[in-house]
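Dear colleague,

I am passing on the structure we spoke about, with a summary of what was found in it. Please read the notes below alongside the coordinates.

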Amino acid sequence: MRQHHRTLRLLGSLLLVAMGASATGAAPAQAAPPTPLDLVVPAPASVTPGATPYRITRGTRIRVDDSRESRRVGEYLAGILRPSTGYRLPVTDGGAGGIRLRLSKGSFGPEGYRLDSGGKGVTITAAAPAGLFHGVQTLRQLLPAAVEKDSVQPGPWLVAGGTIKDTPRYGWRGAMLDVSRHFFTVDQVKRYIDQLALYKINKLHLHLSDDQGWRIAIDSWPRLAAHGGSTQVGGGPGGHYTKADYKEIVRYATSRYLEVVPEIDMPGHTNAALASYAELNCDGVAPPLYTGTEVGFSSLCVNKEITYDFVDDVIRELAALTPGKYLHIGGDEAHSTSHADYVKFMDRVQPLVAKYGKTVIGWHQLTGATPAKGALAQYWGLDDTSAAEKEQVAAAARNGTGVILSPADRIYLDMKYTADTPLGLDWAGLVEVKRSYDWDPGNYLPGAPASAIRGVEAPLWSETLTKSDDIEYMAFPRLPGVAELGWSPAATHDWDAYKVRLAAQAERWAALGIDFYRSPQVPWPAA
């Protein structure tokens with residue numbers, strides 16, 4: 001087997017030589033200069049260019065600390081670099097030179113890092129494994145886009161010299177995927193996770209239940225998944241995650257340093273549950289399954305005690321599967337629930353989340369009730385949402401409720417780019433790339449203290465999306481801008497500079513097989 005590997009490496013070397021020279025024996029074309037340190041998305045907090053770049057070669061090693069976490073990140077990096085470079089890139093303990101991943105106490109915070117590059121090597125230093133991982137994402141972007149391909153490429157593999165010091169502006173940099181309107185498989189979710197990780201997104205919010213489908217197995221209420229998950233928008237077969245499936249999504253997200261935030265939307269958006277169990281309806285009659293796209297017509301029966309037995313069971317089982325801190329209880333568009341019943345419901349349900357060791361998140365309508373201590377409200381209003389509704393959220397923020405910003409006419413990734421966009425909706429307006437980027441989370445919500453803003457999250461609702469290409473077309477190129485709003489200092493936010501850095505991502509997306517919208521607002525390189 002060793003001889004076989006040596007032979008393959010020799011063939012790879014000969015192939016590279018052949019690719020680097022012309023048929024007439026001329027020398028290879030001069031290598032392109034390395035990617036500048038400040039061409040990264042999200043923009044780093046601090047960049048100091050240096051003189052000498054580092055070149056990854058056949059002799060390069062990936063050196064890690066004597067810790068399982070460092071080795072895991074090192075193996076992840078090797079897994080990216082080996083197919084395209086054709087190099088062995090062994091992951092070894094300690095030593096000097098090469099690519100070094102180093103955990104060290106410092107002012108990096110839980111996700112920050114420092115990247116130092118020079119002629120002798122690249123060192124990524126962080127206080128925690130998540131910081132090392134984010135530093136690796138930056139290193140990927142400093143290498144030629146061809147590094148993302150799964151076959152041997154000609155190189156050379158140069159990393160610009162200098163230093164990057166980087167810590168995130170916000171601790172919450174999220175993306176929501178709606179798997180209820182249309183169901184997406186475990187592998188499709190994993191693919192999206194990898195794309196999120198490239199831009200240092202650290203929360204994956206899974207919208208697991210809605211009128212059109214219930215997507216997670218609950219042992220104590222088995223018809224939720226078996227019946228409630230059996231269809232989707234347009235009447236397709238639907239689907240659901242077994243508990244093993246969900247654990248695999250959580251495991252994979254954790255390996256990319258994303259925390260999974262599950263959502264069970266209630267008391268509205270519950271037709272799939274109501275269709276599965278007649279006793280959850282006030283009249284005791286189960287409605288038919290629903291495959292349309294209207295909202296606001298369904299509600300759990302607030303005055304039935306079995307409703308809270310049901311909610312307790314669902315939260316208990318879901319919390320047991322979810323190692324993260326948060327559990328999202330929805331709470332939006334409960335148009336069939338009176339205000340008094342809504343308040344009563346939230347007063348009963350929020351303590352159940354705490355009972356099972358989780359922190360409540362709700363859509364911002366939760367602030368119309370009494371948010372639990374430590375709760376987070378996810379704001380999805382528009383620029384022209386009424387001042388009264390904005391003030392309700394801001395008042396809760398002043399009273400200690402944290403706010404995640406997801407303004408629908410800015411960062412709902414399912415909104416059409418233009419009237420001609422073949423996918424998506426337009427109820428919140430048309431959202432081109434500049435509009436999704438060109439706002440400041442720190443001063444977006446009048447009256448909310450800056451300290452209450454936990455970060456940003458880009459929801460992607462799936463009424464019109466059925467496959468991974470659809471997800472990617474709507475997420476790219478807007479998602480990286482949301483990631484930058486969450487990660488980068490406000491002082492770095494500048495559309496004219498950002499669109500140039502964004503354009504440079506196109507070649508990387510092509511190498512990764514990511515479909516994307518070629519917005520005319522962005523100076524893309526020639527196709």
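Helices here are DSSP runs of H or I with at least four residues, strands are runs of E with at least two, and both are numbered from the N terminus. Counted in this way, the chain has 16 helices and 19 strands. The radius of gyration is 24 Å, close to the 24 Å that the globule rule gives for 527 residues, so the chain is as compact as a globular protein of that length. Please keep in mind that this is a predicted model.

As to the overall dimensions, the C-alpha trace spans about 85 × 50 × 50 Å along its principal axes. Buried residues account for 58% of the 527 residues, and the chain exposes about 20,200 Å², of which carbon and sulfur atoms supply 54%. Among contacts between residues at least 6 apart in sequence, 75% join residues that are at least 24 apart.

Turning to charges, the chain carries 54 positive and 55 negative ones, and the mean positions of the two sets lie 12 Å apart. The structure holds 28 salt bridges, and three of the pairs are described here.

The pair of Arg 348 and Glu 305 forms a salt bridge whose closest N and O atoms are 2.6 Å apart. This pair links distant parts of the chain, since Arg 348 sits in helix α9 (residues 339-355) and Glu 305 in helix α8 (residues 305-321), 43 residues apart. Arg 348 is partly exposed, with a relative accessible area of 33%, and Glu 305 also counts as partly exposed, at 48%.

In the second pair, the side chains of Asp 383 and Arg 410 meet in a salt bridge with an N to O distance of 2.8 Å. These residues, too, link distant parts of the chain: Asp 383 lies in the loop between β17 (376-379) and α10 (387-398), while Arg 410 belongs to helix α11 (residues 408-411), 27 residues apart. Arg 410 has a relative accessibility of 12% and therefore counts as buried, the cut-off for that class being under 20%, whereas Asp 383, with a relative accessible area of 28%, is partly exposed.

The third pair is Arg 82 and Glu 75, whose side chains meet in a salt bridge at 3.9 Å, N to O. Arg 82 counts as partly exposed at 30% relative accessibility, and Glu 75 is partly exposed at 35%. Both residues belong to a network of salt bridges that links Arg 71, Glu 75, Arg 82 and Asp 93.

With best regards

Note on methods: Residues are numbered from 1 along each chain as its sequence is written. This is a predicted model: local features need pLDDT of at least 70, side-chain atom pairs count only at pLDDT 80 or more; totals for chains, interfaces and linings use all residues. Side-chain values use heavy atoms; hydrogens and water are left out. A salt bridge is a side-chain nitrogen of Lys or Arg within 4 Å of a carboxyl oxygen of Asp or Glu. Buried means under 20% relative accessible area, exposed over 50%, partly exposed in between (1.4 Å probe, protein chains only). The radius of gyration is taken over C-alpha atoms; the globule rule is 2.2 Å times the number of residues to the power 0.38. Contact means heavy atoms within 4.5 Å. Accessible areas come from the Shrake-Rupley method with a 1.4 Å probe; for residues, only the protein chains shown count as cover. Lys and Arg count as positive and Asp and Glu as negative; His and the chain ends are not counted. The place of a charge is taken as NZ of Lys, CZ of Arg, CG of Asp or CD of Glu.
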